[in-house]
Amino acid sequence: MARVALGITGGIGAYKAVEVARGLQKRGHDVVAVMTRNARRFVGPVTLEAITRHPVVTSQWTAGTNADIEHISLASSIDLLLVAPATANILGKFAGGIADDFLSALYLATAAPVLVAPAMNSNMLEHPAVRQNIGTLEARGVLFVEPGVGYLACGWTGKGRLAEPDDIAEAADRLLRGSRSLEGRRVLVTAGPTFEDLDPVRFIGNRSSGRMGFAVAREAARRGALVTLVAGPTSIDPPPNAELVRVRSAAEMHEAVMTRLESADIVVMAAAVADYAPESKDDRKPAKADQGLTVTLRRTPDILAGIGAWRVARGSARPVLVGFAAETDDAVNKGRKKLASKRADFVAVNDVLEPGAGFEVETNVVTLVGPDWEEALPLQPKSSVAAAILDRAERLLGPQAGGAA
Ligand code: PMT
């Protein structure tokens, strides 16, 4: 049985927190409810107290709650902080490190995983400020349950309603059960773009932000794996709990990956590796000429195909090999061809022209394609795509010799 702090904030979906608490209890977990001032306008603490059989934490300043500095003692006793519903306001506080009430202080004080189920009006959800806050929190390892689409309390129809309580409880339960499933395993992940230099000033690159690969690395580390992250040039924060190997070019990424293959149990190639690089690099910035410029490009090493060939040469099914395929049309068919030519175990195919998918955004729409199977995943945060990829990879990896998987 795990101990879950259920944070409830001031949205109309607050009444559904009662069902979330029940769902957690049905799955065998102990729930302590933490309600913000505005949550209490929507549902009474007495209801949560009766359901959870624990006093409901409503304020830092309630007499009797400070003998053991309650937000610190609760923070260190929980296995998960789940916030459902989470308003735009609490996301902003979490992202900004503001601790002006019990729940926001608890978020800063706990080392437990944090799972958030946002609920708000569609325009609020899509506002750049909210998207940025969600991105900041994801980069820190906070996990999200996507809001649902449908009729909203404000009268609009669109995305933003609280996910179904049972789905939230299930996501929390999966998180609690799945934790440490990669303990003792080594996972090698590539992320970001590669830059192919023309001269000291200019390069050929692409739009990869690193978000997809960083999400895979973060999820693998959360599951207890020893993670090596080989990352091209990116401007977002890499996960803190992975060994980070910075590279610039496809050739450098190739070298960094191939020298680390031997010990890897799983390799996930999420990087957008340049297929071509300039044949030569100028040592100085060339002067501008009136006529056009012709650059000769040569193929870069295909790292994924190289790992596939390396496995075949050794007659080994290790490491489990996961590729990506970034396509702009007929994505799944093209992805299937890449799966075969690169001899991976499966590929995550994304059509990078699809809204909410591919480069830079926080979400992705991916179809996982194996030799004789396909799994189409809905639009969801890259953290959830990462979890689905690792679930599959773990199944292929099987149990650890002499121990549990
Ligand atoms: O970083 P983000 O902004 O979050 O964007 C995510 C993403 C769009 C980069 C990611 O989801 C993705 O699709 N990554 C793979 C991009 C890519 O290079 O796809 P591809 O179809 O060109 O390559 C197929 C596979 O071969 C990939 O696993 C790639 O890493 C690998 N490859 C490609 C070329 C090369 N020289 N060596 C390789 O190993």
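## Ligand surroundings

In this predicted model, a polar backbone atom of Phe324 lies 2.9 Å from an oxygen atom of the ligand. Side chains also approach ligand oxygen atoms: a polar side-chain atom of Ser208 is 2.6 Å from an oxygen atom of the ligand, and for a polar side-chain atom of Lys382 the corresponding distance to an oxygen atom of the ligand is 2.8 Å.

The ligand is surrounded by 29 residues in total, of which Ser208, Ser209, Lys338, Asn350 and Glu360 are the closest. Ser208 therefore appears both in that closest group and as the source of a polar side-chain atom 2.6 Å from a ligand oxygen, under the 3.5 Å limit that is used for a polar contact.

## Two domains and their contact

The domain assignment divides the protein chain into domain 1, which covers residues 3-177, and domain 2, which covers residues 186-397. The centres of domain 1 and domain 2, taken over C-alpha atoms, are separated by 34 Å. Each domain brings residues to the contact, with 11 residues coming from domain 1 and 11 residues from domain 2.

About 940 Å² of area is buried between domain 1 and domain 2, and carbon and sulfur atoms account for 51% of this area. On the side of domain 1, the residues Glu138, Ala139 and Glu146 together supply 46% of the area that this domain buries against domain 2, which is more than any other three residues supply.

## Character of the domain interface

Polar and charged pairings across the interface give two separate counts. Zero salt bridges are found by the rule across the interface of domain 1 and domain 2, whereas three residue pairs, with both residues at pLDDT 80 or more, are in polar contact between domain 1 and domain 2.

The elements that give two or more residues to the side of domain 1 touching domain 2 are helix H8 (128-139) and strand S5 (143-144), and helix H8 makes the largest share of that side with four residues. By residue class, the side of domain 1 that touches domain 2 consists of four nonpolar, two polar and five charged residues. The presence of five charged residues on this side thus stands beside a count of zero salt bridges across the interface.

## Salt bridges

Across the structure there are 22 salt bridges. One of them is formed by Arg27 and Glu170, whose closest N and O atoms are 3.1 Å apart. This pair links distant parts of the chain, 143 residues apart, since Arg27 sits in the loop between helix H1 (17-26) and strand S2 (30-35), while Glu170 belongs to helix H9, residues 165-178.

## Backbone details

Two cis peptide bonds that precede proline can be located in the model. The bond that joins Ala84 and Pro85 is cis, with omega at about 0°, and Pro85 is found in strand S3, which spans residues 80-86. The peptide bond from Arg318 to Pro319 is likewise cis, with an omega near -5°, but Pro319 lies in the loop between helix H12 (303-314) and strand S16 (320-327).

A further backbone feature concerns Asp330, which has a positive phi of about 45° although it is not a glycine. Asp330 is placed in the loop between strand S16 and helix H13 (331-342).

Notes:
Residues numbered from 1 in each chain as written. Predicted model: local features only at pLDDT ≥ 70, side-chain atom pairs only at ≥ 80, totals over all residues. Heavy atoms only, no water. Domains from an automatic or database assignment. Contact = heavy atoms within 4.5 Å. Buried area = accessible area lost by both parts, 1.4 Å probe. Salt bridge = Lys/Arg side-chain N within 4 Å of Asp/Glu carboxyl O. Polar contact = N/O pair within 3.5 Å; in protein donor to acceptor, adjacent residues only side chain to side chain. Nonpolar A, V, L, I, M, F, W, Y, C, P; charged D, E, K, R; others polar. Near = heavy atom within 4 Å.
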